[in-house]
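Biologist: Could you take one residue of this model and look closely at what surrounds it, and then work outwards to the parts it belongs with? I would like a connected account rather than a list.

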Amino acid sequence: MCGNDACGEGAVLAGCRFYAGYPITPQNELTAYMAKRMNETGRVFIQAESELAAINMVFGAAAAGMRAMTSSSSPGISLKQEGISYMVGCELPCVVVNVQRGGPGLGNIAPSQGDYFQSVKGGGHGDYKLIVLAPSSVQELLDYTFLAFDLADKYRNPALILGDGLLGQMMEPIQIDSGIQPKFIDKPWALTGCKGRGPNIIKSLYLGDGVLEEHNKKLQEKFILMKESEVRAETFHTKDSEIVLVAYGSVARIAKAAMEMARSRGKKCGMIRPITLWPFPDKAIEEACNAARKFLVVEMSAGQMLEDVRLAVNGRAKVDFYGRMGGGVPTETEIFQRIEAMA
Amino acid sequence: MRPKNRKTKKRKNYPAIKQSNDTTTVLFSQPASLYAVENHYCAGCGHGIVHRLVCEAIDEFGIRERVIAVAPVGCAVIAYDYWNFDVTEAAHGRTPAVATGIKRVRPNNIVFTYQGDGDLAAIGTAEIIHAANRGENITIIFVNNGVYGMTGGQMAPTTLAGQRTATTIHGRSLRREGYPIKILEMLAVLPGTKYLERVSVHSAHEVLRAKRAISKAFKMQIDNKGFSMVEVLSMCPTYWDMTPIQAADRIKNEVSTFYPLGVIKSC
């Protein structure tokens, strides 16, 4: 199964009732997969007239209490930012999938990690955060899309799957049915018609003196809770490694191969793979600082996650960077050469 | 919109038509769907009338507990302070997309949008055209007063030629700003649209006709007939720089000659 299809199946398994998408490469397989599977399973698929319409249809379905998803690639995700900001403000859960491509602008259709800042620092207007999950295999695209629905519902906040063109397009064998059931929760706030209760209102507009500040404080409390409970990361040999690589998504697999190459040549090299890019695994990095002298951040960008690694390291070790941009994919040899140069 | 000193004390609601013990029948009372509160609209504004007509229609069909409304960005942004049923906000112009999402997952609910002319005819043109073209079984209440009221009376796509606004201080120039858009006539060519009517609220007679059109639009949705939309020509005395009476006369003598009243399409 290809990554885009696996992502779609993860949504189907999670009980996604509504999907709206718009064509853009390299995520088109996902939209086509949802067109087939959502109709097969008696759910709703809409090919929207734009990314703006797609995210706002998702807004409507989520306001009506249903699990809903939209997907796109970088330029389309930029268009969705308005809707994402409104959904955070209105406390509506949904899942957004970004199969990243090269930018800025129309860029190209090759894999990239250039949307890290957009994903973890807010993206749209206002003070807000999304839970951002970064799968690094086709299996994880399925598993984390499934998980993203539970997390979105739990916090009444959109969750983002940050993949890239490489992950979306590649094929790997996967296990589809894990036997895990989605955690459906009651949504007494949802718009269902006011039979037997007072009207429900979904809104992000708060005009009175100080009312919006109170609403923002409530949102920030949720973000603190997410930081306390939802950090996910994978670590390799970080207890005794002098050089620690930090990479996420598809690049993490290449970096891991480079780490193994270095270790086979006797170098004390480890790795941290953030799975949640927000909340960022600061603690894993802080702990690695006990042994590490140097960090090497590897990304398909000009150095975006690099900033969060530097904040977590906080001067306790040297932080180096190796990145490719515009569709360039780092090779394990390139990364290994960087490790050698650092040692 | 004038948010200053707005007091919205919610008082007891009364049923639409109350049958008393004796032979007297109450013909006019507070709709159950409309809170008995002061509203924030300017003197002579049409929004209050349109709100009431929508609520009367909802009560008469007995669908208050099935309704889900999508409020706009614009003067009617806080419509949920007046409506006694489920309401969501939507980003400016995205209103029909939000309504689409709701209706598709809850087809047994009655879903309507309430939009102004900036919302629907400018920033939301793509959303309204494609919701109409898909034949979504939703109802659109489109309030056309020819200006952006909430932001200070700027030119809207529906502003008439020569009309002075905050952004056309010497009057709208057709060469510079283009022509006023007739949205209903545009949508009429789409097979997905089933009922389109233009009405006005500038006189008691027209208010009654507007009520009938709004009821018909909801009936279309209740009967699963498809996309229905009512355009209501409405007064904005504040940004037309007129008294309420002058504004009502302007609709009669000027606005409705460019935007003809009546059924544009019904099938």
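Modeller: In this predicted model, Val58(A) is a good place to begin: leaving aside residues up to four places away in sequence, Val58(A) touches Phe18(A), Ala20(A), Ala68(A), Met69(A), Thr70(A) and Cys94(A) within chain A, and also Gly101(B) from chain B. Val58(A) is also one of the residues that touch the most other members of the largest nonpolar core, which has 193 residues, the others being Val95(A), Leu133(A), Ala255(A) and Ile141(B). In soluble globular proteins, nonpolar side chains tend to be buried together.

The element that gives the most to this core is H6(A), with eleven residues. Because domain 1 (3-229) and domain 2 (234-342) of chain A both give residues to the core, it lies between them. Helix H6 itself, residues 138-155 of chain A, has 18 residues and reaches 26 Å from its first C-alpha to its last, close to the 26 Å expected at 1.5 Å a residue. Since 16 of the 18 residues of H6(A) are buried, the helix is largely enclosed by the rest of the structure, and just after H6(A) comes Arg156(A), which takes a positive phi of about 50 degrees.

Turning to the two domains of chain A, their centres, taken over C-alpha atoms, are separated by 28 Å, and the contact takes 26 residues from domain 1 and 22 residues from domain 2. On the domain 1 side, the elements that give two or more residues are helix H5 (116-120), strand S5 (131-133), strand S6 (159-164), helix H7 (165-169) and helix H8 (211-229) of chain A, and of these H5(A) gives the most, with four residues. By class, that side of domain 1 has 14 nonpolar, nine polar and three charged residues.

The touch between Val58(A) and Gly101(B) leads on to the meeting of the two chains, where 29 residues of chain B are in contact with 33 residues of chain A. On the chain B side, strand S1 (67-70), strand S2 (86-88), helix H2 (95-105) and helix H4 (125-133) each supply at least two residues, with H2(B) giving the most, eight residues. The residues of this side divide into 15 nonpolar, six polar and eight charged. The chains are also joined through strands: two bridges link strand S7 (residues 201-202) of chain A to S2(B), the two running parallel, and Ile202(A) stands opposite Thr88(B) in S2(B).

Methods. Residues are numbered from 1 along each chain as its sequence is written. Chains are lettered from A and ligands numbered from 1 in the order in which they are written. This is a predicted model: local features need pLDDT of at least 70, side-chain atom pairs count only at pLDDT 80 or more; totals for chains, interfaces and linings use all residues. Domain bounds come from an automatic or database domain assignment. Two residues are in contact if their C-beta atoms, placed from the backbone, lie within 7 Å. Ala, Val, Leu, Ile, Met, Phe, Trp, Tyr, Cys and Pro count as nonpolar, Asp, Glu, Lys and Arg as charged, and the others, Gly among them, as polar. Two strands pair if DSSP finds at least two bridges between them. The expected span of a helix is 1.5 Å times one less than its number of residues. A residue is buried if 20 or more other C-beta atoms lie within 10 Å of its own, exposed if 12 or fewer, and partly exposed in between; C-beta atoms are placed from the backbone. A nonpolar core is a set of buried Ala, Val, Leu, Ile, Met, Phe, Trp, Tyr and Cys residues joined through C-beta atoms within 7 Å.
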